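Here's a quick walk through one chain, with a pair of packed helices as the main stop. Keep the viewer open and follow along.

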Amino acid sequence: MRETFVAASRLDRRSDGADVLDLAEIRPGDQMLVGAKAYNLGLLLQAGFPVANGFCITTNAFQKFGMHLHEASLDSGPLREVILGAYRKAGIKTAAVRSSATEEDRPDASWAGVFSSILRVTGEQKLIEAVELCFRSLH
C-alpha cells in the first residue's frame, strides 16, 4: 500500500501567504515554510524521482490557525476547507500525516520521534483528526 504524505509545519512565512502547498509547488528556499521532510520530497519530485502525491500545511497556516490548536479543533472553518480541498484535489485514498516542523532536525539538535506521525489515514474526518493530533504534538 502506497501512502500519501501530508505534512504539518510551522515557523516562517512565504510572501505569497500559501496555507497549503502541493509537494510539486515546493521550490528551493521553502524549507522554513514546509519543514525538512516536505521540502526534500518536493525537491525529489522536481528532480524527477517518483514521490507519492501529497501536500503540506505550511507555516503560514500554523501561524494563522495553529497557535490555538491545542485547545481548538478543525471541525469547521477556513483551514479545514483548505486542507480538505488539497486532499480532494490530490485524490488521496490513504495518507500518512506527519510533522515536518522546521526546527525538528538541525545540526545542533534532533527531535526525531518527538512529534506525531499518523499512518494509514483514510477519509476526510480521519484526516482532520490526524492533522489536529500532529499540530498538538508541536506544542
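Where is Ala24 found? Ala24 lies in the loop between strand 2 (20-22) and helix 1 (31-46). Bear in mind that this is a predicted model. If you leave aside its neighbours within four places in sequence, Ala24 is in contact with Leu45 and Gln46. Its C-alpha is also separated by 5.7 Å from that of Gly42, and those two residues are 18 residues apart along the chain.

Glu25 has its place in the loop between strand 2 and helix 1 as well. With 41% relative accessibility, Glu25 counts as partly exposed. Glu25 and Phe55 are 30 residues apart in sequence, yet their C-alpha atoms are 8.8 Å apart in space.

**The chain overall**

Now zoom out. The secondary structure comes to 4 helices and 7 strands, and along the sequence the pattern reads β-β-α-β-α-α-β-β-β-β-α. The chain has 139 residues, and 46% of them count as buried. Take the contacts with a separation of 6 or more: residues 24 or more positions apart account for 71% of them.

**Helix 3 and helix 4**

These two are worth a side-by-side look.

| Helix | Residues in helix | First to last C-alpha | Expected at 1.5 Å a residue |
|---|---|---|---|
| Helix 3 (78-90) | 13 residues | 18 Å | 18 Å |
| Helix 4 (124-137) | 14 residues | 20 Å | 20 Å |

Which residues of helix 3 are buried? They are Leu79, Arg80, Ile83, Leu84, Ala86, Tyr87 and Ala90. These buried residues cover an arc of only 155 degrees around the axis, which puts them on the same side of helix 3. As a reminder, an α-helix has 3.6 residues a turn, so residues three or four places apart point the same way. On the other side of helix 3, you'll find Pro78 and Lys89 exposed. Right after helix 3 comes Gly91, with a positive phi near 65 degrees.

Helix 4 has its own set of buried residues: Leu127, Ile128, Ala130, Val131, Glu132, Cys134, Phe135 and Ser137.

So how do the two helices meet? Two packed helices are described by the angle between their axes and the distance between the axes. Here the axes of helix 3 and helix 4 come within 11 Å and cross at roughly 120 degrees. Helix 3 and helix 4 are therefore oblique to each other, and their crossing is right-handed. On the helix 3 side, the contact is made by Leu79, Arg80, Ile83, Leu84, Tyr87 and Arg88. Helix 4 brings Glu124, Gln125, Leu127, Ile128, Val131 and Phe135 to the contact.

Several names turn up twice in this picture. Leu79, Ile83 and Tyr87 are among the buried residues of helix 3, and they also take part in the contact with helix 4. From helix 4, Leu127, Val131 and Phe135 are among the buried residues, and these too belong to the contact with helix 3.

**One backbone detail**

One last stop is Arg120, found in strand 7 (residues 117-121). Most residues other than glycine have a negative phi, and most peptide bonds are trans. What is the phi of Arg120 near? Phi of Arg120 is near 55 degrees, a positive value in a residue other than glycine. Arg120 counts as exposed, at 57% relative accessibility.

Methods
Residues numbered from 1 in each chain as written. Predicted model: local features only at pLDDT ≥ 70, side-chain atom pairs only at ≥ 80, totals over all residues. Heavy atoms only, no water. Helix = DSSP H or I, 4+ residues; strand = E, 2+ residues; numbered from the N terminus. Expected span 1.5 Å × (residues − 1). Buried < 20%, exposed > 50% of the residue type's maximum accessible area, 1.4 Å probe, protein only. Arc of directions from axis to C-beta. Axes fitted to C-alpha atoms, helices over the stretch in contact; angles between N-to-C directions. Parallel < 35°, antiparallel > 145°, perpendicular 65-115°, else oblique. Left-handed = near helix turned anticlockwise from the far one by under 90°. Contact = heavy atoms within 4.5 Å.
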